[in-house]
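Work through the exercises below with the sequence and the model in view. Each task is followed by a solution in steps.

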Amino acid sequence: MLMDGKLVEGTAGAFVNINPATEEVIGEVTDASAADMRRAIDAARRAFDDTGWSTDRVLRQQCLLQLQEALEAEREELREELIAEVGCPRSLTYGPQLDAPLSDALTYPAALIDEYPWETSLGDALVSVTGVNTTRKVWREPVGVVGAIVPWNFPFEVTIQKLGQALATGNTVILKPAPNTPFNATRVGRLIAEHTDIPAGVVNVVTASDHLVGEELTLSPKVDLISFTGSTTVGMRIMEKGAATMKRLFLELGGKSATIVLEDADFALGCMMGIAPCVHAGQGCANPTRLLLPRSRYDEGIEILRGIYEGVQPGDPQDAATLCGPVISGRQRARIRGYVDRGMAEGARLVVGGSEQPDGLDKGFFVKPTLFADVDNSMAIAQEEIFGPVLSVIAYDDEDDAVRVANDSPYGLAGNVMSGSLDHALAVATRLRAGFIGINGTAGYGADTPFGGYKNSGVGRQNGTAGFDQYTEIKSIAYPAQ
């Protein structure tokens, strides 16, 4: 682990890292205790309170660019590491798993340091309360100590987006990676220690097999903000446990996103959007796992989707042709298969897939890409986040009905609209209660684009100036006008 500027062992021993495609141990990582986490918190607190990190913008920019250079030097090692521990398809590392975030997650916030409105003038005014002609300004300052808790599905992407913005704004960080995917985080910690001028304690990387070790971040009064990406259930627990110390929160949580294929859409292209849950075996919070088709062409759409799903074979993530690799663990596989069985029990029609192990794959946590038709939006497979390669196809009567069904969800992370008219698609997008909408198969991904959700999909936004804002506090300053 990286703690207070040094690479150290945890006091709880070690735990193994499993390759989900082979079920083989790929190595061990040091295991932190709650006491280790508290020491990391103390280090981050000292670094914020007693060093110039929070005010030295030139140093922060320099350090972010040093880390960028170090990561680029080990890009290919990191790529292989992600494939092995995450089970993500190789092709995905050339996009959102590695290359896409590496292109701008650090460079964008580093550049924004020079452009951000750290100080805003409100001008001079005669303030009625005091009767004094007063100069008024607004300052943006770092929140303080940030506990950054990262999931296993896109671990490097989430880690580097959190670090980029939290560090650029002058905060110190304790990074807690998921137990399933620790190696990419310990690599980042080593690179910080060996190749950057980031002061001791500014970044601490704490690996632990026990999820409750991470809860020390939520409970500690020395931690000012929790930046969490993960399940809604855990997000709710963080809100509850953090209330005692009035934690500032960024929570990017679950989703049950819908794609609406409108009557005027390119119908074949619209149906192709149904393949999205197969990408990375459906392990993406923004994956559109509900596909809404007009009832007038529903049967036609199901047959197109049948052909698509029958052609997707889960397989070795090392193979560049693989789209659907394994899920992260045996526990997750069992959970997904339980939803498949539940969908059939609730009356949905199983078109392709099922809860059996895919043919020819005796090892690995694989799940069959599964297509359900005749789904009612009230069913569990349409309302609950499955986080697996399962698509629910729902018929709608008219456009108002489609919007109603899409919004009839406890989640509001993302959505998609397919239409032959951009104006038409945008008009429908304004009616969707979700934070991230794609039109005709596009997605506005990038370090400059705010990402987050409505309703149970979270609080706050990651990336963009909105992301910068959430890692800052606002201070209003007033003094007699000169």
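**Exercise 1.** In which sense do strand β18 (residues 414-418) and β19 pair, and over how many bridges?

Solution. Strand β18 and β19 pair in the parallel sense, over 4 bridges; two strands pair if DSSP finds at least two bridges between them. Helices (H or I, at least four residues) and strands (E, at least two) are DSSP runs, numbered from the N terminus. Within this pair, glycine 415 is opposite isoleucine 437 in β19.

The model is a predicted one, in which local features need pLDDT of at least 70 and side-chain atom pairs count only at pLDDT 80 or more, while totals for chains, interfaces and linings use all residues. Residues are numbered from 1 along each chain as its sequence is written, and side-chain values use heavy atoms, with hydrogens and water left out.

**Exercise 2.** Place β18 and β19 in their sheet and find the edge strands.

Solution. The strand order is β14-β15-β16-β13-β12-β18-β19, in an open sheet of 7 strands with mixed pairing. β14 (349-352) and β19 (436-439) each have a single partner strand, so they stand at the edges and one side of each has no neighbour in the sheet. On average, neighbouring strands here are turned by 25 degrees against each other, direction ignored.

**Exercise 3.** Describe the sheet that contains β6.

Solution. The order is β5-β6-β22, an open sheet of 3 strands with antiparallel pairing. Its edges are β5 (119-127) and β22 (472-480): each has a single partner strand, so one side of each is left without a neighbour in the sheet. The average turn between neighbouring strands is 20 degrees, direction ignored. β5 pairs with strand β6 (residues 132-142) in the antiparallel sense over 8 bridges, and serine 121 is opposite lysine 137 in β6.

**Exercise 4.** Classify the packing of helix α2 (residues 57-73) against helix α7 (residues 155-168).

Solution. First, the geometry: the axes are 9 Å apart and the angle is about 160 degrees. Axes are lines fitted to C-alpha atoms, for helices over the stretch in contact, and angles run from 0 to 180 degrees between N-to-C directions. Second, the class: α2 and α7 are therefore roughly antiparallel (under 35 degrees counts as roughly parallel, over 145 as roughly antiparallel, 65 to 115 as roughly perpendicular and the rest as oblique). Third, the hand: the crossing is left-handed, meaning that the near helix is turned anticlockwise from the far one by less than a right angle, clockwise being right-handed. Fourth, the residues: Arg60, Leu64 and Leu71 of α2 make the contact (heavy atoms within 4.5 Å) with Phe156, Ile160, Gly164, Leu167 and Ala168 of α7. By class there are 6 nonpolar, 1 polar and 1 charged residues; Ala, Val, Leu, Ile, Met, Phe, Trp, Tyr, Cys and Pro count as nonpolar, Asp, Glu, Lys and Arg as charged, and the others, Gly among them, as polar.

**Exercise 5.** Repeat the analysis for α2 and helix α3 (residues 75-86).

Solution. The two axes come within 5 Å and cross at roughly 70 degrees, which means that α2 is roughly perpendicular to α3. Leu71, Glu72 and Ala73 in α2 meet Arg75, Glu77 and Leu78 in α3. These residues divide into 3 nonpolar, no polar and 3 charged.

**Exercise 6.** Do the analysis once more for helix α9 (residues 211-219) and helix α10 (residues 232-242).

Solution. The axes come within 9 Å and cross at roughly 45 degrees, so α9 is oblique to α10. The crossing is right-handed.
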